[in-house]
Amino acid sequence: MGVAGLPWRARVTGWGAVIPDDGSPMLDWWVAAEDRWHTPSREPSLRQRLVDGMPVVETSVRVPGGDVVQTNFAVAGHGGLLVMQLDTRSPAPVAVALRRRDLLASRPPAHVPPQGGDAPADALVIPIGHRASVRVGLPFGARDGGRLPDDLATPAQVARGWLVQTGAGIDLRLPDGGPTVPLATVRAALLLDGPGNALDGARFLVGVCELGRLGVDPEPWLDDVVIAAEALTAEARRERRVSWADDAGLAATEEVMRRAAHGRGALDVAAARRRLPAAEPTPIEPPDGLLGLAWAQRRMLVADRSTIDLFPAPFPPAWMGRSAEAYGVPVGDCLVGVAVRWHGEHPALLWEVAGQPMELRCSGLDSGWSTTRASGEVLLRSWCGR
């Protein structure tokens with residue numbers, strides 16, 4: 001939980017409690033329904049999901065006749081707030097007890113302390129009518145409670161805002177058979193948590209590159225980028241092998257240098273990559289996390305100084321018969337877009353390259369095809385039985 005550009009962060013547990021990173025107390029919750037007190041951390045009916053894969057966490061607890069749904073999200077307005085929205089989706093009213101009392105609330109709390117459950121005696125108790133909604137807010141800075149502002153975004157609006165932010169970079173539209181964690185979710189976590197540190201090697205380099213694509217200035221990480229890239233290069237020379245991930249990290253370094261207007265540094269990285277052994281093939285099975293971003297891009301295209309291979313070999317079998325697209329992929333001074341559609345067993349390749357002319361191939365779908373045209377589409381030979 002958090003807002004990109006503001007330092008405050010919190011974590012949401014598997015049962016919906018909020019743990020701020022500033023060391024302040026955990027915001028836990030309990031539900032009093034008509035049958036009993038429900039402790040979410042021990043409820044077998046508990047379900048949790050990310051709304052649209054974004055940092056908007058919805059946690060549901062079953063009560064008689066329906067659910068109590070808690071949704072946690074962060075907003076930038078009013079100095080920054082962690083908002084907990086509580087909805088009753090049952091025909092009976094409930095009360096929710098909250099561990100912290102320094103909260104802003106959309107309606108006054110009850111003056112009766114919780115009794116008969118696990119909630120502490122001094123918990124803040126919020127009554128909620130049947131099929132009603134209540135919000136509380138935890139300010140990013142110290143505040144003594146009071147009324148929560150009325151003009152806050154809804155969870156759906158916050159999720160849509162995150163989708164806009166995470167869609168600002170390369171547009172990758174993958175079929176099933178890609179990373180199990182959605183790429184937009186990885187990007188949202190990257191905007192909140194940053195790329196890690198240089199000791200993470202390729203993951204760190206890919207993360208800094210992706211932040212640049214999302215509009216974040218990579219300058220604060222440049223020194224660490226150089227350290228991480230030099231370490232990868234030295235290891236590759238020592239081991240006389242280059243993993244696909246390390247090569248992706250070095251390619252990301254070259255892009256970071258170009259984006260930061262360090263043209264000489266970009267040329268140095270490109271020259272170092274050419275002196276290293278050929279990189280190992282990108283695996284068919286995708287990793288999750290930041291390397292899943294690099295994997296997805298390399299499954300779409302790879303390039304050297306004069307050739308771009310669109311959908312390079314081996315083409316993932318799980319993608320056969322399914323559309324895949326990538327737009328705005330930087331290759332040197334070019335931007336590349338590519339897509340595959342299917343007409344029965346025949347793949348239709350569509351492409352557009354903005355920049356200097358290069359030879360295009362498609363080794364994963366039709367090893368005999370090539371062109372130097374900057375844009376076009378072609379029906380490739382049957383992929384059946386390969």
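These are my notebook entries on pockets, cores, strands and backbone details in a predicted model.

**Entry 1. Largest pocket**

I began with the open spaces. A general point guided this step: rolling a probe the size of a water molecule over the atoms shows where empty space is left. I found that the largest pocket has a volume of about 1,400 Å³. Its lining consists of 49 residues. Nearest the centre of this pocket I noted A251, R273, V302, A303 and D304.

I then asked which elements supply at least two residues each to this lining. On the helical side they are α3 (202-213), α5 (244-259), α6 (263-275) and α7 (290-300). The strands are β15 (301-303), β16 (307-310), β17 (324-331) and β18 (334-343). The element that gives the most is α5, with 9 residues. I sorted the lining by class and recorded 26 nonpolar, 17 charged and 6 polar residues.

**Entry 2. Second largest pocket**

The second largest pocket has a volume of about 270 Å³. I listed 15 residues along its lining, and M1, R11, P55, A189 and L192 are the closest to its centre. Both β1 (10-12) and α2 (183-193) supply at least two residues of this lining. The most comes from α2, with 5 residues. By class, I recorded 10 nonpolar, 2 polar and 3 charged residues for the second largest pocket.

**Entry 3. Nonpolar cores**

I turned next to the buried side chains. In soluble globular proteins, nonpolar side chains tend to be buried together. The largest nonpolar core in this model holds 78 residues. The members that touch the most other members are L301, I308, L310, F311, L349 and L365. Another core, of 29 residues, lies apart from the largest one and includes V3, V63, V96 and I128.

I looked up the contacts of L310 in particular, leaving out residues up to four places away in sequence. L310 touches M300, L301, V336, V338, L349, W351, L360, R361, C362 and S363.

**Entry 4. Strand β16 and its partners**

L310 belongs to one covered side of β16, so I examined both faces of this strand. T307 and D309 are on one side, I308 and L310 are on the other, and all four are buried.

Which strands pair with β16? I found that β15 and β16 run antiparallel and are joined by 3 bridges. These two strands form a hairpin with 3 residues between them. Within the pair, A303 stands opposite I308. A303 had already appeared among the residues nearest the centre of the largest pocket. Strand β20 (residues 359-361) runs parallel to β16, again with 3 bridges. Here D309 stands opposite R361.

**Entry 5. An open sheet of four strands**

I recorded an open sheet of 4 strands in the order β4-β3-β9-β11, with antiparallel pairing. Why do β4 (37-38) and β11 count as edges? Each has a single partner strand, so one side of each is left without a neighbour in the sheet. The antiparallel pairing of β3 (residues 29-32) with β4 runs over 2 bridges. In this pair, A32 stands opposite W37.

**Entry 6. Backbone details in the loops**

I then checked the backbone angles. Most residues other than glycine have a negative phi, and most peptide bonds are trans.

The peptide bond from A313 to P314 is cis, with omega near -5°. P314 is placed in the loop between β16 and β17.

H78 has a positive phi, near 60°, and is not glycine. I located H78 in the loop between β7 (66-75) and β8 (81-89). Is H78 buried or partly exposed? H78 counts as partly exposed because its relative accessibility is 38%.

R131 also has a positive phi, near 50°. R131 lies in the loop between β11 (124-128) and β12 (133-139). R131 is exposed, because its relative accessible area is 56%.

**Entry 7. Position of G344**

My last entry concerns G344, found in the loop between β18 and β19 (346-354). G344 counts as exposed because its relative accessibility is 67%, and the cut-off for exposed is over 50%. I also looked up its separation from A76, which is 268 residues away along the chain. The C-alpha atoms of G344 and A76 are separated by 49 Å.

Definitions and conventions
Residues numbered from 1 in each chain as written. Predicted model: local features only at pLDDT ≥ 70, side-chain atom pairs only at ≥ 80, totals over all residues. Heavy atoms only, no water. 1 Å grid on protein atoms, 1.4 Å probe; cavity = no way out; pocket = protein on both sides within 12 Å on 5 of 7 lines; lining within 4 Å. Points joined across faces, edges and corners; volume = space filled by probe spheres on them. Nonpolar A, V, L, I, M, F, W, Y, C, P; charged D, E, K, R; others polar. Core = buried A, V, L, I, M, F, W, Y, C linked by side-chain atoms within 4.5 Å. Buried < 20%, exposed > 50% of the residue type's maximum accessible area, 1.4 Å probe, protein only. Contact = heavy atoms within 4.5 Å. Pairing = 2+ DSSP bridges.
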